[in-house]
Each structure stands twice: as C-alpha cells, then as structure tokens.
Amino acid sequence: MDEKNSSVSEHTKLQLAAALKTLMAQKSMDKITIAELTNICNIRRQSFYYHFEDIYDLMRWMIENEAISLL
C-alpha cells in the first residue's frame, strides 16, 4: 500500500474510532450498529468491513492504538 492510501486508511480508522467513542457515551456497545457508525463517518458499510470484521474488532484496534500512543 502506498503512503497516500495508508494515510487515507488510517484516517478512516480514526474516524470510525471517534464515532464509536461518541456512540459509547450515549448507549451500550451491544446497541451500537455498523450502520450508525458508517452514517456518522459518511462512509459506505463496505468500507467499514474493509478495515474491521465487526464492532469489537474496531474496539480492539482503538484500544491498541491508544495504548501505543501512550507509550
């Protein structure tokens, strides 16, 4: 993957993580849908699945990414 695509991919992941945090402040994880996340980010559902298997995969990535940034 070239640098531009990598940057876009990272931006999409960060955008999805931010949307997940926003929704988690409003309701429990089991009530959050991929449709809600993709609507907030204004991306297609297929884009979500390009990056993550499910919402819990996004959650794992988000936690790992934040842990790495703290180190």
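There are 3 salt bridges in this predicted model, and the table sets them side by side.

| Salt bridge | N to O distance |
|---|---|
| Lys21 and Glu66 | 2.3 Å |
| Lys27 and Glu36 | 2.4 Å |
| Asp57 and Arg60 | 3.7 Å |

Start with the side chains of Lys21 and Glu66, which meet at 2.3 Å, N to O. This pair ties together distant parts of the chain, with Lys21 sitting in helix α1 and Glu66 in helix α4 (residues 55-70), 45 residues apart. How open are the two partners? Lys21 has a relative accessible area of 43%, so it falls in the partly exposed class. Glu66 comes out at 33% relative accessibility, and that makes it partly exposed too.

Next up is Lys27, whose salt bridge partner is Glu36, with 2.4 Å between the closest N and O atoms. Lys27 is partly exposed, at a relative accessible area of 28%. For Glu36 the figure is 23% relative accessibility, which again means partly exposed; the cut-off for buried is under 20%.

Then there's Asp57 with Arg60, where the N to O distance is 3.7 Å. Why can these two be described as about one helical turn apart? Because they are 3 residues apart in helix α4. Arg60 is partly exposed, with a relative accessible area of 44%, whereas Asp57 is listed among the buried residues of α4.

**Helix α4**

Since α4 holds that last pair, here's a bit more on the helix. It has 16 residues and runs 23 Å from its first C-alpha to its last, close to the 22 Å expected at 1.5 Å a residue. What caps the N-terminal end of α4? That's Asp54, which places a side-chain oxygen 3.2 Å from the backbone nitrogen of Tyr56. As for the buried residues of α4, they are Ile55, Asp57, Leu58, Met59, Trp61 and Met62.

**The aromatic cluster**

Trp61 also turns up in a cluster of aromatic residues, joined there by Phe48, Tyr49 and Phe52. The model has 3 aromatic pairs. One of them is Phe48 with Phe52, a tilted arrangement with 5.8 Å centre to centre and 45° between the planes. Phe52 also pairs with Trp61, this time edge-to-face, at 5.9 Å centre to centre and 65° between the planes. Why do these two get the edge-to-face label? The angle between their planes is 65°, and the label applies over 60 degrees.

Are these rings buried or exposed? Phe48 and Phe52 are both buried. Phe52 has a relative accessible area of just 4%, so buried is the right word for it. Trp61 is at 16% relative accessibility and therefore counts as buried as well.

**Two residues of helix α1**

Now over to helix α1, where Glu10 is found. Which residues does Glu10 touch, leaving aside those up to four places away in sequence? They are Trp61 and Asn65, so-called long-range neighbours aside from any closer in sequence. Glu10 itself is at 33% relative accessibility, which puts it in the partly exposed class. Glu10 and Arg60 are 50 residues apart in sequence, and their C-alpha atoms are 15 Å apart in space.Gln15 is in helix α1 too, which covers residues 3-24. With residues up to four places away in sequence left out, Gln15 touches Cys41 and Ile43. Gln15 and Ile40 are 25 residues apart in sequence, yet 8.9 Å separates them in space, C-alpha to C-alpha. Gln15 has a relative accessible area of 29%, and is therefore partly exposed.

**Asn42 in its loop**

Where does Asn42 lie? Look in the loop between α2 (34-41) and α3 (45-51). Asn42 isn't a glycine, but its phi is positive, at about 55°. At 71% relative accessibility, Asn42 is classed as exposed, the cut-off for that class being over 50%.

Methods: Residues numbered from 1 in each chain as written. Predicted model: local features only at pLDDT ≥ 70, side-chain atom pairs only at ≥ 80, totals over all residues. Heavy atoms only, no water. Helix = DSSP H or I, 4+ residues; strand = E, 2+ residues; numbered from the N terminus. Buried < 20%, exposed > 50% of the residue type's maximum accessible area, 1.4 Å probe, protein only. Contact = heavy atoms within 4.5 Å. Phe/Tyr/Trp six-rings, centres within 6.5 Å; stacked < 30°, edge-to-face > 60°. Salt bridge = Lys/Arg side-chain N within 4 Å of Asp/Glu carboxyl O. Expected span 1.5 Å × (residues − 1). Polar contact = N/O pair within 3.5 Å; in protein donor to acceptor, adjacent residues only side chain to side chain.
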